[in-house]
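Hi everyone, thanks for making time this morning. I'd like to walk you through one helix pair and one residue that sits in it. Let me put the structure up.

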Amino acid sequence: MTHWMTDSDKPDDQSDLAVKPRTKPKRPPMYKVLMLNDDFTPMEFVVHVLERLFGMSHAQAIEIMLTVHRKGVAVVGVFSHEVAETKVAQVMELARRQQHPLQCTMEKE
């Protein structure tokens, strides 16, 4: 004789199991790295920083540097929290070593 299991026949540890819909893993928040204008840091140094630390071409670096100069601030990249934090620290350290007051910061996108 065949006996079909009903919910009451299932062991307790299986009766609470439910199929959960698959959800996409959330993308971690991204952070904008911002460079701020000042009246003392040479434009050539800013271009150098953008090329060296952000991998920009010379033309890209000049364009961003001019945006910083004209508007007072520019986004120089968007990264994960850890990468953005590292980039900001690298810019600040390089500027400090060269005795420039260049400021760089980050904010959540």
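Before we start, one term: when I say that two residues touch, or are in contact, I mean that they have heavy atoms within 4.5 Å. And please keep in mind that what you see is a predicted model.

First, the overall layout. The protein has four helices and three strands, and along the sequence they come in the order α-β-α-α-β-α-β. Of its 109 residues, 28% are buried. If we take contacts between residues at least 6 apart in sequence, 70% of them join residues at least 24 apart.

Now to helix α2, residues 43–54. How far apart should its ends be? With 12 residues at 1.5 Å each, α2 should span 16 Å, and its end C-alpha atoms are indeed 16 Å apart, so the two values agree. Right after α2 comes G55, which has a positive phi, near 65°.

Which residues of α2 are buried? They are F45, V46, V47, V49, L50, L53 and F54. These buried residues pack against β1, α3, β2 and α4.

Let's stay with that last partner, α4, which covers residues 81–97. Two packed helices are described by the angle between their axes and the distance between the axes. Here, the angle between α2 and α4 is about 140°, and the axes are 11 Å apart. Angles over 145 degrees would count as roughly antiparallel, and α2 and α4 are therefore oblique to each other. The crossing of α2 past α4 is right-handed.

So who meets whom? On the α2 side we have F45, H48, V49, R52, L53 and F54, and on the α4 side K87, Q90, V91, L94 and A95. Sorted by class, that contact has seven nonpolar, two polar and two charged residues.

One of those α4 residues is my favorite to look at: K87. Is K87 buried or exposed? Its relative accessible area is 18%, and the cut-off for buried is under 20%, so K87 counts as buried. Which residues does K87 touch, leaving aside those up to four places away in sequence? They are V33, L53, F54 and F79. L53 and F54 are residues we just met on the α2 side of the helix pair. Finally, K87 and T105 are 18 residues apart along the chain, and their C-alpha atoms are separated by 9.1 Å.

That's my tour, and I'm happy to rotate the view for anyone who wants another look.

Notes:
Residues numbered from 1 in each chain as written. Predicted model: local features only at pLDDT ≥ 70, side-chain atom pairs only at ≥ 80, totals over all residues. Heavy atoms only, no water. Axes fitted to C-alpha atoms, helices over the stretch in contact; angles between N-to-C directions. Helix = DSSP H or I, 4+ residues; strand = E, 2+ residues; numbered from the N terminus. Parallel < 35°, antiparallel > 145°, perpendicular 65-115°, else oblique. Left-handed = near helix turned anticlockwise from the far one by under 90°. Nonpolar A, V, L, I, M, F, W, Y, C, P; charged D, E, K, R; others polar. Expected span 1.5 Å × (residues − 1). Buried < 20%, exposed > 50% of the residue type's maximum accessible area, 1.4 Å probe, protein only.
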